[in-house]
Amino acid sequence: MTSPHRLDSSVRAGRVDRTRRLRGTVDGVELSGHPGDTLASALLAEGRIVAAPSIHRGRPRGILAADCTEPNALVQLHGACPEPMLTATRVELYDGLVAESLSGVGRVGPEADTAVYDKKYVHADVVVIGAGPAGIAAALSAGRSGARVVLVDEQRELGGALLDGTERIDGHPATEWIGRAVRELVELPEVRVLTRASAVGCYEGNYLLVAEKRTDHLAEAGPQQPRQRLWHLRTQRVVLATGAHERPMVFADNDRPGIMLASAVRSYINRYAVLPGQQAVVFTTSDSAYTTALELLDAGARVPALVDTRPDPPAHLAEQVRAAGGQVYPGSAVVGTGGQERISSVRISELDEQGSLTGTPREVECDLLAVCGGWNPVVHLFSQAGGTVRWDPVVAGFLPEEPTGSLPKVVGAARGTYDLAGCLSQGLAAGAEAATTSGFRVAVPPVPPVAGDRPSTRPRPLWLVPAEEGTSEQWHTHFVDLQRDSTVADIWRALGAGMRSVEHVKRYTTISTGQDQGKTSGVNAVGVIADALMAGSPGEVGTTTHRPPYTPVPFALMAGRDRGGLHDPVRTTPMHSWHVAAGAVFEDVGQWKRARYYPRAGEDMDAAVQRECLAARTGVAMQDVSTLGRIEVVGPDAPEFLNRIYTNGFAKLPVGKARYGMMCTADGMVLDDGVSMRLAEDRYLMSTTTGGAAGVLDWLEEWLQTEWPHLGVHCTSVIEQWAAVAVVGPDSRAVVGRIAPELDVSAEAFGFMEFRDTVLRSGVPARICRVSFSGELAYEVNVPAWYGLAVWEEVAEAGADLGITPYGTETMHVLRAEKGFVIVGQDTDGTVTPLDLGMDWVVSRRKDFVGKRSFARPDTARTDRKQLVGLLPMDPQQQLPEGAHLVDPDGPRQPPVPMLGHVTSSYRSAALGRTFALALVADGRRRVGEVLCAPAGGTDIAVEVTKPIFYDEEGVRRDGRQYE
Amino acid sequence: MVTSRHALPDPPARLWRNPEPKRSYDVVIVGAGGHGLATAYYLARNHGIRDIAVLERGWLAGGNMARNTTIIRSNYLLDASAALYDHALQLWEQLPDELEYDFLLSQRGVLNLAHTEQEVRDSRRRAFANELNGVDAEWVTPDEIAEICPILNTSADLRYPVLGATLQRRAGIAKHDHVAWALARKSDEMGVDLIQECEVTGFLTEGDRVTGVQTTAGPIAAGRVGLAAAGRTSLLTDTLGIRLPLQSHPLQALVSELLEPVHPCVVMSNHVHVYCSQAHKGELVLGAGVDSYNGYAHRGSVHVIENQLAAAVELFPIFARAHVVRTWAGTVDVTPDASPIIGPTPYENLFVNCGWGTGGFKATPGAGWVFAHTIATGEPHPLNAPYGMERFTTGALVDEHGAAAVAH
Amino acid sequence: MLQIRCPWCGDREETEFRYGGQAHVDYPRDPAALDDRAWGEYLFVRDNPKGEFAERWVHTAGCRRWFTTVRDTATNQMRAELPSARKPVM
C-alpha cells in the first residue's frame with residue numbers, strides 16, 4: 001500500500017511516526033497511515049479528498065479543513081465503539097478503524113454502549129484553554145508562580161498552530177521550544193496538562209467543562225479504562241488562547257472537492273507531511289495565505305496563481321512567491337471553478353475598487369484551491385461566559401471586548417493578534433497576571449526572539465464574490481454553509497421575506513445549525529447579510545450567540561457514571577436480602593426498594609395479597625417498615641414546635657405515649673402524616689411517610705431556622721439508625737411476648753399508642769410501640785439498624801408455629817384502606833385538606849398551626865369540596881380501576897362529562913369478601929347512600945357511596961385476641 | 001433547490017413588512033412571541049380589529065418561541081386545563097390550512113411514562129379524565145410501549161422501570177419558528193404592524209386606566225394593551241405596582257446532531273426528568289425541568305443538562321453516543337399552581353396572558369384565541385374564566401401538580 | 001453552575017444547595033388578622049426582579065443552614081449577606 005501524497009521525510013518530517021503503519025477502511029476501501037495521522041490526513045495522503053455528497057443537493061464535497069471547523073468530512077465509525085457522527089479531521093487513525101462517510105446525517109446503532117465515562121472535579125487557580133504559542137506561554141508564566149494551573153488543548157500534542165508552520169523561537173524551530181515548554185510544564189508539580197481535551201463549556205464564575213478523550217485513538221482500550229472524561233474545572237482565572245479559525249470564501253461553485261482552507265493546506269503539509277494537491281491555486285484576502293503558497297512551492301507543488309483581493313499586496317510577499325515560481329494576481333478573485341469529482345480549474349477575474357468584476361476572466365488549471373477569507377478569532381468560550389464581542393474593521397473579525405470582573409482574559413489570535421511575538425508576549429503577560437491576581441505573585445518573563453513570523457498587513461475581506469452572471473438572489477452555488485447546503489440565494493430569499501435579524505436568517509436558511517454550529521459559515525453569513533443590507537460593517541448586523549458545547553459532546557459523557565444501578569442511589573433496608581431470598585416483588589417508593597408482596601408458587605399478586613391480608617386479620621403477619629422517615633425532634637421548645645407544625649396538639653402528649661399527627665402546607669393542604677412518640681419532655685421521635693421523609697426534614701428545618709430561630713429545637717434524621725418490624729394481627733401479642741420476655745404485653749399493661757424500651761430475648765435492645773395501620777392489634781419493633789435482619793428473623797421464627805406471614809406494601813394498603821386510613825400522596829394530591837378527608841378530629845381549633853388560616857379562604861371553606869368517601873361497587877366482585885372518575889348516572893354522557901371525583905384506592909378485600917374503594921368526591925359526605933357511576937374501559941361500574949370505613953368501625957380489634 | 005428527505009419545505013418568499021410604529025393603535029400587544037402573534041391574529045380574524053401593533057424588544061419570536069422543545073399535547077388532568085389545551089390542539093389541527101403554511105405539525109403521539117405505582121395511578125386518573133373530557137388518551141402497557149417506541153428501554157432492570165404510559169395520539173410536535181412566521185405573515189397581511197427592536201419600558205396611564213405604552217421608540221397610545229411577555233411580564237406590571245404571582249426561571253434544552261430517524265414519537269418522563277423527540281431534520285430535541293433559581297440570564301446550570309442526559313441514556317440506550325451540539329435556555333414565568341394567568345388586571349384596558357411556565361408553546365393558538373377575546377370584549381372567554389388572578393386569593397387554584405402533568 | 005458562598009462552609013457548588021426564593025418574607029405575626037387578599041399574597045406572591053435579588057438558600061448537602069444571598073438575576077453575580085436573625089412571631 002502506498003501513500004502517494006505523503007511527502008518524503010527529507011522534505012517534511014511531519015509529526016507522524018513513519019516507523020509504524022496503521023490500517024483501517026473507509027467506505028470499504030483500505031486505508032493506511034501512521035500514528036499521528038488523523039483520518040483526514042491519512043485519506044489525503046492517499047489522494048482521497050472526496051467526502052460524502054452534500055446533505056440536500058447531493059453535490060460532491062471534499063475535505064475543507066484540518067480541525068474542528070470541518071463541515072464536510074463527516075464519518076460514522078463502526079467497530080467496538082461505534083460512533084454515529086464524527087469529523088474526520090478530529091478522528092485519530094488507529095489500527096482496525098472502520099469508517100463510513102456521511103452526508104450530514106448520522107446513524108445510531110443498537111449496539112450497547114459498554115464504555116466507561118468518568119467525571120473529574122478540579123479546583124484550580126488558572127486555567128489556560130488552548131496550547132498554541134499564547135496558551136503555552138500563559139501556562140509557563142502562571143505555572144512558574146506555583147499556582148495550580150491546568151492547560152487544556154484539544155489536539156494530541158501541544159503546539160497549536162505552531163505545529164502547522166515553520167516559525168523559529170529563540171533561534172530554534174518552534175517545535176523545539178514547544179518540547180522544552182512541555183518538559184518544564186510536566187516538571188511543575190501544580191501544573192496539569194490535558195491533551196485531546198476540548199473545552200466545551202465556559203460558564204459564569206469561571207466554571208469550565210472539558211471533554212477529554214482517553215482511549216478513542218487506541219485500537220483497544222484496557223478493561224474499565226475510561227473512554228472519556230468530563231472535567232469540571234472551577235478556577236479563579238481563565239486565560240483563553242483559543243486561536244482563530246480561517247474563513248472560506250463565498251463565490252460560485254465554492255464547494256468542489258479540492259477547495260481547502262489555506263491554513264489546512266499548511267497543516268497537512270507541515271504537521272502531517274501530506275501534500276493535498278500538485279497544482280494549487282491560492283485565493284486570499286490577507287497575507288497569511290502567502291505562507292501557504294510558499295510552503296506548497298517548497299513541498300513540490302506548482303502554484304500557477306495566487307489570487308489576492310487586495311490591489312496592492314505587500315510587495316515582498318508577492319516577490320517571494322514569484323521568486324519561488326508562483327504567479328500572483330493582485331486585485332482579483334476566483335469567480336468560478338470547474339471539475340467533476342474534484343476541482344480541475346478556476347476562473348479568475350479582476351476586481352474594481354467596489355469589488356465588482358472587471359476585465360476578462362482567465363481560466364487556470366489546478367487540482368487544489370487554497371482559500372483564505374480572513375480569520376475569525378475563536379470567541380466561543382468568551383461569549384459563552386457572558387463576554388461581548390465587537391466588530392474590528394482592522395482585523396476584519398469579531399473580537400472580544402475587554403473583559404470586566406472575573407471574565408476570562410483572551411490572548412493571541414483569539415483577540416486578533418496574529419504575529420507570533422505578540423502571541424507569546426500576551427500569553428506570558430496574561431499568565432503572570434492571572435497567577436498574581438490568584439495570589440501567586442510572579443513577574444512577566446521576557447519574550448523570546450522569534451523568526452519566520454507570520455506577516456499581517458490589513459486584509460480586504462470580500463464577503464461575496466460576484467458571479468459572472470445573474471444577481472445575488474439567483475446565486476444558488478455560492479455556498480455559505482457547506483454542511484447545511486445553504487447559499488447566498490437562500491440568504492437573499494430570507495431578507496426578501498422581510499427578515500432583518502441574523503437570528504431569523506439563520507433559522508430561515510438553517511445556516512450555522514449543523515453539527516459544526518457554523519464555525520466556517522457564521523461570520524460569512526453575517527458578511528453576506530451586511531453586504532445585502534448595505535450595512536456599514538458586519539458589526540451592524542451582529543452575530544448569533546455562541547452556546548455550549550464548543551464541539552459536540554456525547555450524551556454518555558455528560559451522563560458519566562450516573563447510569564444503570566448508579567442512575568439514582570438505591571436504598572434498601574437491613575432486611576432486604578431476606579426479602580429477596582423470599583422471592584418478594586419490589587416497588588420503588590422514593591429511592592427505596594420496598595417489598596410489595598411475597599408470591600408463593602403459582603400465586604399472582606391478587607392471590608398473594610389475599611393470603612397476606614387474611615394472615616394479618618386472622619393470625620399474625622409481619623412487615624418491614626424500616627423505610628418510614630424517622631426524625632428526632634429535640635429541645636426545650638420541641639412541644640411548642642410540634643404544636644405549630646402539626647394540625648393537632650402534641651405539647652400535652654405524655655412521655656411514653658405516641659400520637660398520630662398530620663401536617664399541612666401554608667396553604668392548608670395535607671403535606672405528610674405519621675406517628676410521633678414522646679421519648680422525654682424535650683424529645684420526640686417523629687415518623688413520616690417513606691417518600692416524604694427528606695422533604696419533611698427540610699420543612700421542619702426551614703421553619704425552625706427562618707421563622708422561629710428563637711425556638712430551642714434540633715431535628716435529626718435517624719432513618720439509617722433504626723430498623724423496624726411491624727408485627728400485626730390477633731396473634732401478634734403472642735409473638736411479641738415470645739421475643740420480648742421482659743415486657744408485659746397484656747392489653748392492660750401495654751396500651752394502644754404506648755411504647756416501651758426493652759431488651760429482646762436475643763439480647764438486642766428494642767423499642768416496641770403499639771401502633772396500628774391495619775386496625776388489628778399490632779406492634780412495631782424498632783431496633784438498631786445493625787440488628788434489623790437478625791430481629792426480623794427472630795420474629796419470623798417466633799411466629800412460625802402461628803403461621804406468621806411476611807407481607808408487603810400492597811397488603812398494607814388493603815388493610816389500611818379497609819379501615820379508611822389515608823395514604824398521603826395516594827388519597828391526597830396536594831389539593832386536599834384534613835377537613836376534606838373528614839379528619840376534623842386531627843385539626844385543632846384551639847391553637848394556630850401552619851396552614852390554618854388557609855382553611856378560611858372562600859374556596860377552601862366551601863362545604864361541597866371534594867371529600868374522602870368509601871365506595872362499594874354494586875357488583876361486589878367488580879373492582880374499580882384506581883384513577884377512574886365518578887359521574888352522575890343520570891347526567892349527560894357527551895364529552896365533556898361533568899366529573900364528581902375520582903377513585904384514589906381500590907382493592908379486593910379478603911376480610912369483606914368483596915371489592916371496595918376510597919374516593920374523593922365533590923360534596924361526598926352528603927352523598928353517602930347515593931349511587932354513582934364510574935365509566936371505565938367502555939363499561940359503567942355502579943357504586944354506592946359510603947363512609948370511608950369498611951371494617952371494624954367500632955375499633956374492637958385494636959386490642960386483639962384475649963389470652964388467659 | 002432542495003431535494004433530500006432531510007430538508008424542510010422552503011419557507012415562504014414573503015413574510016412581513018417592517019413598518020415604522022404609528023403614534024396610536026386600537027390594541028397594542030407587548031411581545032411578538034407565539035402568544036402575542038396568535039393574539040394579534042385572532043383579534044384580526046375573530047374580532048375584526050386590525051389596528052394592532054405587536055411590539056417586540058428583540059427579534060420576532062426570539063424568546064421562548066425560539067427556545068422550546070415544540071411539544072404539543074392536551075392530555076391535562078383538570079377540566080379547565082383540558083378544555084383550554086384541547087381547544088388549542090383543535091386550532092393547531094386547522095392552522096396549517098388556515099394560515100396556508102406547512103409548519104410541520106406532526107401528530108406522532110406523546111407518551112407520558114409512569115415509573116412508580118403512584119405514577120400509574122396518577123396517569124390513569126388523567127387518562128380517564130381525558131376520555132370523559134373528550135381528549136384522546138390511552139393507557140398503554142410496557143409491551144405496547146415497546147411496539148410504539150421500540151428504542152425505549154422497557155426492561156424491568158431499569159432503575160425506575162417503565163410501568164406504563166399514557167398515550168395521546170393527536171399530540172406531537174410542530175416547527176416552532178415556522179409556526180411564529182405563519183402567524184406573523186397572516187397577521188401582517190391583515191394589517192397588523194409587527195414592530196421589532198422596540199422595547200416597551202412602561203405604560204401611559206390616566207388614573208386607573210392604561211392609555212398606551214412607553215417604548216424605546218417613544219410613546220405609543222393604545223385603546224387596549226395586552227401583555228404577552230412571558231418571563232418579563234412582571235417586570236412590566238411592577239411599573240404599575242401590580243404584583244403577580246410569577247417567578248421567572250431558566251429553562252434549558254438541547255439538540256443533537258442530525259440522525260437518521262430512530263425515534264417515532266415524543267416521550268416524556270416526569271420521574272427521571274427528561275423529554276425527547278426527534279425533529280423533522282433528524283436532530284434529537286431534549287428538555288427537562290426548570291432550573292431552581294430565579295433568573296433572566298438565558299442560561300442555566302450544567303448539572304441540569306447532565307442529569308437530563310443521564311436519564312435520556314437510561315431510557316434510550318441507543319442515544320449513548322449521540323452528541324450534544326447545542327444547549328440553550330429560555331426564561332419561563334412560573335405560577336404557584338403551574339397554570340397560566342389570563343385576564344383583566346386592576347388597571348382598565350390592561351390585560352395579561354402569562355404564567356405559562358414550561359407549557360406555553362402547545363397552548364399558542366388557544367392562548368391567542370382566548371386572550372384576543374378577553375382584550376376585544378373586556379371579559380374572559382369561558383375557557384380562560386378559571387384563570388384569573390383572583391384564584392390566588394380565594395384558593396381556587398388550577399393545580400396541575402397533582403396530576404404530574406407539569407413537565408412539558 | 002452557580003458557586004454559592006455558604007456563610008458557614010464557604011464557597012460550594014450549587015448542587016449542594018436548595019433554593020428558597022425571595023428572602024425576608026416573614027410569616028405573618030397573626031395570620032387570622034389578615035384578609036384573604038393579604039393572606040393570598042403571603043402565600044403566593046413574591047418579588048421577581050431582573051437585577052439584584054435577596055434570596056434564600058439552604059446548604060442541604062452541607063451544614064443544612066439557611067442563609068440569604070444577594071444575586072443579580074440577570075448576571076448571576078452573587079454577593080453574600082449576613083445570615084438574618086428573625087424576631088419571634090406567634
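In the predicted model, chain A has a radius of gyration of 38 Å, whereas a compact globule of 964 residues would have one near 30 Å. The C-alpha trace of chain A spans about 120 × 70 × 55 Å along its principal axes. Of the 964 residues, 64% count as buried. The exposed surface of chain A comes to about 33,700 Å², and 51% of that area is supplied by carbon and sulfur atoms. Among contacts in chain A with a separation of 6 or more, 65% are accounted for by residues 24 or more positions apart.

The secondary structure of chain A consists of 20 helices and 51 strands. One of these strands, β21(A), covers residues 332-339 and is mostly covered, with eight of its eight residues buried. Strand β22 of chain A, at residues 343-351, runs antiparallel to β21(A) and is joined to it by seven bridges. The two strands, β21(A) and β22(A), form a hairpin, with three residues between them. Within this pairing, Gly338(A) has Ser345(A) of β22(A) as its bridge partner.

Further along the chain, an unreviewed UniProt entry places the feature "domain: Aminomethyltransferase C-terminal" at residues 866-952 of chain A. In the model, this span is 48% strand and 0% helix. The C-alpha atoms at the ends of residues 866-952 lie 25 Å apart.

Definitions and conventions:
Residues are numbered from 1 along each chain as its sequence is written. Chains are lettered from A and ligands numbered from 1 in the order in which they are written. This is a predicted model: local features need pLDDT of at least 70, side-chain atom pairs count only at pLDDT 80 or more; totals for chains, interfaces and linings use all residues. Side-chain values use heavy atoms; hydrogens and water are left out. Buried means under 20% relative accessible area, exposed over 50%, partly exposed in between (1.4 Å probe, protein chains only). Helices (H or I, at least four residues) and strands (E, at least two) are DSSP runs, numbered from the N terminus. Two strands pair if DSSP finds at least two bridges between them. UniProt positions are given in the numbering used here, feature names are shortened, and annotations may be inferred rather than shown by experiment. The radius of gyration is taken over C-alpha atoms; the globule rule is 2.2 Å times the number of residues to the power 0.38. Contact means heavy atoms within 4.5 Å. Accessible areas come from the Shrake-Rupley method with a 1.4 Å probe; for residues, only the protein chains shown count as cover.
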